[in-house]
Each structure stands twice: as structure tokens, then as C-alpha cells.
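Q: How does one read helices, their packing and unusual backbone angles from a set of coordinates? Please take the features one at a time.

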Amino acid sequence: MSEPTATQLKDKGNELFKKQDYVGAIIKYTEAIALDDKNAVLYANRAACHHALNKYLDAATEIDPGYVKGWSRLAASRDALADWGESAHAWQKALDALPKTNLSPAERKQKEQYGVCLKAANARLNQPVVPLSIDEKLGKFPWQIATDMLPELRRAGHDRLSSSAWVIALAYEEFNDGVEMMKGMKKIPQSNAPDAFGLLTLLSNGFMRDDRVFHINQPKWIDMYNDQVYFEVTARKAWNSEGLETIKEQAQQRLKKSGWDDVRPALAVTVRAWIMRAAFEGGLRQKRQAGVEYYRRAHDLVEWGRTVWKDVPKSSRGVIFEHSFLIGIRSLYIRMFMNAYTDDPGLNSKFPLEQLKEEAEDLVKETEIAVRTRDGEPVDPGFISSFTVYPNGLAHAILGFYHVQSARYASNPMERMFSFVAAAGEYTQASNRYPEDDELHAWYLNCTMDCLRNAGAPVDNFFMVAFKIRDSMPKMRKIRAISELGLGGRDQKIQANLDRADELMKRVADKTLTLEDPVPL
């Protein structure tokens, strides 16, 4: 039996695309490209599949300059990622690829549509980025207080290892070292200077330890960061706009040709730049979809590398392929995925609740594996919390979020009640993963109280959680009196539940309510 031709494979891909089997269609288009790698239609069709799967970074990365549809798909993908500069460039290329005269009705419609999209991309390109900052006049920041606590904690030894001060102080130490390096760099750093590299490593390490340390405290911060990242990407020959499959192929080719000393820093800069790009797009620009995509891409590349180079030592392949690093990326990814769902909620969301649940369950398993398989390599006191304990707590909190959202779509009161009960259990487990002086301990207990109230749980259970919150609040406020969550109404929301508990206590004392009665809504 003869092998299928590129045309036959393309036709099979088209059939699968119509059936919305986008993964199967990608396979067929890729097989066709292997036989006809100059065919722009094949690349564009494969890009359409990536776009349908919300994998915008892998959409239309190789384009025939004269193929209109290829440029328009690339532009649409960059729109989805809020990459307005590349979007405007691609829309202009799509317009340039149209005939100059004698346009058909369809081409005239395309020209009008592309012109509108180009204008919109240019308008968004000029929108300023709002810095993520906290007013210094409010008082000491959590990382400053935590840093001041470290000498006492070190003297106390194992008795004080549970404090969140270890996490926030050590996260800030790395993040701030990166900022200081960035501030001290020359406009055009020399590639042979001993301090020319490392900014991305320090910033991303600090951010992954605890993303709450991320803040911008001067007007030229972003410009300085962009200059340094451009230098590191260029000097290390890292990847930027290439598709994920292309990067995998080129990394293995470079490895054979130049070895790990060339590939290791290139991959590290690539992955760390994506992590920080996700933080900027999903955080500063509030473009959650872009944040999800960059985190997912970093995760997929690291997971692939861990499989392909599983027998290569850490000293060769690098830190980014360690299990703890993968857990760090996955934690950032699912939090951004949850935030993206919040922006686009509902049963038809682009960020399905069931996928969020599966990702959280996988993270729980990953962190449990990490605990069982730790190799005993010496680490600082905050490391285990940052890359094992806190991610486990986050995963349980997201499962709590999943059950709360499920309750909203429950078909009957009993199903709704069970969803809130399940959510309360997950939030309780989440709170237990954080020290009492971390704000998330009290915050997730507060989420538990919300769920118990909605589930109609016994008053006694409501009281027990309230007692735990009251006990932890002074410890939490010592470090996190000022925080983004605090400025967003954290204490007021917690106090509302505590006030509710006080009211119920009075009713129990007056014998108008018993401890076994359900919490009134």
C-alpha cells in the first residue's frame, strides 16, 4: 500500500478539523508538512487548529509572506495574547498581501476587517501599563517585616520553622537582588561581564517562591527590565516567538552540535522569560488568557524536557528541569487559569471548570510525590514551603473554588449543599498548609465559614472555625497588615463572618438557637 501524499494528508486534516478533532488534524497537517514544507496552506491550517485549542503562541509561526490567511491568523492569535505590537505588524502584513487593485467582494470585506483590527491594535499598543505598587506611606511591607524577623527565627531554630516569614523574606531577597542588578546595569551590558546575566534567574526565582513579592517601585522599572531581558535573550540565543514544537526540534539539534553549555542557558532564559511575561500580561495588563498561555507553554516545555532528558544530571540540563521548578510553574499556571475563569465564568467558559479541577488534582499528586521522593539536598527553610507545602495548599483552595462554582450550577438543593460541604473541606485543608502568620491561613478559613453557612452546617462547626481565625489574626497582622489582599477588603470580609459568629453565640446563650441547628443564612 502506497504512502499518503501531502495533499491526501491535508484533506484528512481538513475532515478532522470539521469534526473539531483539532489534535488529530494537527497530526495530519504536521505529517503533510514533512512531505511539503513549503506549502503555506498547511502551516496556516495547523495554526487554525492551535488557535481553536487556545494555544495562541503556537499559531501561525511560519508564514508565506504572500499568504493573507496566514497573516490574519497570526494577528488574531497575537490579539488573544494582548501582544499588540506583533498584532499590528501581522494585520499590516495581511493588508499588504491583498491585491492592490481589482479586489473581489470577499477581498474588499477582508481589507475592511483587517483595517479595523489594525486600528484597534495600534490604539491598544499605546495604552500605558499600570504599575503594581503599594503606597510606601501605609507602613512597612510584609517582606520588610519578615526580613527583620529572620535573625530571631534563626536563633529559635526548628521551633520557628513554620513561620511564613521564611517564605516571604527569602522570596524578596532573590527578587530584590534581581531588581538591584537591573538598576545597576549599563544601558548596553557587555556579554563577557561577570554580572551581565542572572536577572531573569533572580526575579523568576523570587516570584516563584511567593508571587506576592512582585511589585514595581520606580517609573522606569519596565523599561530597564525589557532592556536586560532583550540582552539575555540575544546573548544566550534563547527562543522568543518560535512555536513549541520548533523549539523542541531546535534544542535537540543545538544539543548535538554545541552541547549543554549552549542549550542549558538558552532554555533557562526562554522558560524564565515566559514566566515573567505571564506575570506581566496576566497581572499588570489583566490579560488572563495571555498569562495562561505563557505559563502553559513554560510548563509544557519543562515537562517535555524532564521526560526527554530524564537521565541527564541537573548539572548538565539545569535547574529548570527539577521537579520543584515544575511544581512552581504549575502553581502559577492554575492560579492564572482560575483567574481567567473568573473573568470568563460559566459552563461555556474558555477555561472549563472541569479542566481546572483536573489541574488542581494533578498538583496535589505532584506535591505529594515531591514529599515522598525528596533527595535530601540541603535547602533553606522557606524552600519546602514555597515549592511543596504552599502549592499543595493552593491546589486544595482551587478545588474549594471549583466546588463553590459547581454549587451555583447545581440542579437541586441537595446537590448544592454537598458542593458547599466539599468546598468547606477543601478550604480547611488549604488553610492547614499555611502557617498561622500567613494571611492565606485566615483567608481560607474565612472561605470555609462562607461555605459552612451556605451548606447549612451545624452552628458548632461554624464556631470552631471562627475560634481558629480569631487566634490567627494577630499573628497574621504582625506580618501582613499591608498586602494586596488586605487592601482588597480582607479584614472587613473576615470580620463580617466573626461578627456573624458573635451574633449566633448570643442566640445560643439566649437558647433561641442550639449548637446542632444549621447556620442561618
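The dialogue below works through a few local features of this predicted model.

Q: Which residues make up helix α10, and how does its span compare with the expected one?
A: The expected span follows from a rise of 1.5 Å a residue. Helix α10 covers residues 221-235, 15 residues in total, and its first and last C-alpha atoms are 21 Å apart, close to the expected 21 Å.

Q: Which residues of α10 are buried, and what covers them?
A: A residue is called buried when its relative accessible area is under 20%. In α10 that applies to W221, Y225, Q228, V229, F231, E232 and V233. Their cover includes α8 (165-184), α9 (199-209) and α12 (260-284).

Q: What is the sign of phi at K237, which follows α10?
A: The value is positive, near 55 degrees, in a residue other than glycine. K237 sits in the loop between α10 and α11 (244-258). Is this residue buried or exposed? With a relative accessibility of 57%, K237 counts as exposed, because the cut-off for that class is over 50%.

Q: Where is Q20, and what is its phi?
A: Q20 belongs to the loop joining α1 (6-18) and α2 (22-35). Its phi is positive, about 65 degrees, although Q20 is not a glycine. Q20 has a relative accessible area of 58% and is therefore classed as exposed.

Q: How are α12 and α13 oriented to each other?
A: The angle between N-to-C directions is the quantity to read, and over 145 degrees counts as roughly antiparallel. Helix α13 spans residues 288-308, and α12 packs against it at about 160 degrees with the axes 7 Å apart. The two helices are therefore roughly antiparallel. The crossing of α12 past α13 is left-handed.

Q: Which residues form the contact of α12 with α13, and how do they divide by type?
A: The α12 side consists of L267, V271, W274, I275, R277, A278, A279, E281, G282 and G283. They meet R288, A290, G291, Y294, Y295, R297, A298, L301 and V302 of α13. By type, the residues of this contact divide into 12 nonpolar, 3 polar and 4 charged.

Q: Is H396 buried or exposed, and which residues does it touch?
A: H396 lies in helix α17, residues 383-408. Its relative accessibility is 7%, so H396 counts as buried. Leaving out residues up to four places away in sequence, H396 touches V364, E426, Q429, A430 and R433.

How values were computed
Residues are numbered from 1 along each chain as its sequence is written. This is a predicted model: local features need pLDDT of at least 70, side-chain atom pairs count only at pLDDT 80 or more; totals for chains, interfaces and linings use all residues. Side-chain values use heavy atoms; hydrogens and water are left out. Helices (H or I, at least four residues) and strands (E, at least two) are DSSP runs, numbered from the N terminus. The expected span of a helix is 1.5 Å times one less than its number of residues. Buried means under 20% relative accessible area, exposed over 50%, partly exposed in between (1.4 Å probe, protein chains only). Contact means heavy atoms within 4.5 Å. Axes are lines fitted to C-alpha atoms, for helices over the stretch in contact, and angles run from 0 to 180 degrees between N-to-C directions. Angles under 35 degrees count as roughly parallel, over 145 as roughly antiparallel, 65 to 115 as roughly perpendicular and the rest as oblique. A crossing is left-handed if the near helix is turned anticlockwise from the far one by less than a right angle, and right-handed if clockwise. Ala, Val, Leu, Ile, Met, Phe, Trp, Tyr, Cys and Pro count as nonpolar, Asp, Glu, Lys and Arg as charged, and the others, Gly among them, as polar.
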